[in-house]
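Visitor: Please take me closely through one single part of this structure, and set that part within the chain as a whole.

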Amino acid sequence: MVDKDEEQIKQNVEEDLSSTVEQTGEENVEFPSAPNHPKQVLVTDEELKALKKEATEYKDKYLRLLADSENARKRLQKERQEISRYALENMVVDFLKPLDNLENALKFAQGMSDEVKNWAFGFQMILTQFKDVLASNGITALESQGTFFDPHLHEAIEMIETDSYAPGIIVEENVRGYKMGDRMIRPARVKVAKAISAIDPQDKSELNENN
């Protein structure tokens, strides 16, 4: 029974081959071979450890380069901001000089004629508008007179002996100081009070004799 089945199978295969040859006109028919399996590569523990170490080193180098690139970008951005800010500060300082002149000129308008006072009133409004523009851009004036001298905010141009003010109090403000945000762009030039020097009795007697 088994032999008959085998013969039947062979006969069917031969018939299929004959039919294929008739259709293609070729006597040699190649059948697809079984797919080649990839060769297995054996790696020792030491080699695997070395590969892991190398991969870690490359990862660390990549992260360092990425961090350096980000730091460089932030540094360049900060430098551009600093350059823009310094340029703006220099422009504002130059702008403050004619503003000071206008403000000082308006102080003498009170003793002038009515016509001059009317002109001064108009210029005072313009001066106020200038100051509003400065304030809207974060630039504010310092009120120094009557406050204690601060070397970070003030520049002393004269020390005045007086008992009307405590030592270290600003008696007079010659040039107003300005700040841009928290940064000082122009210190105030001021006169500062100091205690009256005591006259030595011997010096006082000599002074009286000379008189």
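Guide: From the N terminus on, the elements of the protein chain run α-α-α-β-β-β-β-β-β-α, which comes to 4 helices and 6 strands. Helices (H or I, at least four residues) and strands (E, at least two) are DSSP runs, numbered from the N terminus. The model is a predicted one, in which local features need pLDDT of at least 70 and side-chain atom pairs count only at pLDDT 80 or more, while totals for chains, interfaces and linings use all residues. Residues are numbered from 1 along each chain as its sequence is written, and side-chain values use heavy atoms, with hydrogens and water left out.

The part to examine is the surroundings of Arg176. This residue lies in the loop between strand 3 (170–175) and strand 4. Setting aside neighbours within four places in sequence, Arg176 is in contact (heavy atoms within 4.5 Å) with Glu103, Lys131, Ala141, Leu142, Glu143, Arg186 and Ala188.

Side chains of opposite charge can pair when their charged atoms come close. A salt bridge here is a side-chain nitrogen of Lys or Arg within 4 Å of a carboxyl oxygen of Asp or Glu, and the structure holds 10 of them. One salt bridge joins the side chains of Glu103 and Arg176, at 3.4 Å from N to O. Glu103 lies in helix 2 and Arg176 in the loop between strand 3 and strand 4, so this pair ties together parts that are 73 residues apart in sequence. Both Glu103 and Arg176 are buried, where buried means under 20% relative accessible area, exposed over 50%, and partly exposed in between (1.4 Å probe, protein chains only).

Arg176 also forms a salt bridge with Glu143, the closest N and O atoms being 3.9 Å apart. This pair too links distant parts of the chain: Glu143 is in the loop between strand 1 (139–141) and strand 2 (154–161), 33 residues from Arg176. Glu143 is exposed, with a relative accessible area of 60%. Salt bridges that share partners join Glu103, Lys131, Glu143, Glu173 and Arg176 into one network. Within that group, a polar contact of 3.4 Å joins the side chains of Arg176 and Glu173. A polar contact is a pair of N or O atoms within 3.5 Å; within protein, one must be able to donate a hydrogen and the other to accept it, and residues adjacent in sequence count only if both atoms are side-chain atoms.

Helix 2 (45–106), the helix of Glu103, also takes part in the largest nonpolar core. That core has 12 residues in all, among them Leu106, Ala120, Leu127, Tyr178 and Met180. A nonpolar core is a set of buried Ala, Val, Leu, Ile, Met, Phe, Trp, Tyr and Cys residues joined through side-chain atoms within 4.5 Å. Helix 2, helix 3 and strand 4 (178–180) each give two or more residues to this core, and helix 2 gives the most, with 4 residues. Leu106 touches Ala120, Phe123, Gln124 and Leu127, not counting residues up to four places away in sequence. Phe123, in helix 3, is partly exposed, with a relative accessible area of 38%.

Across the whole chain, buried residues make up 15% of the 211 residues.
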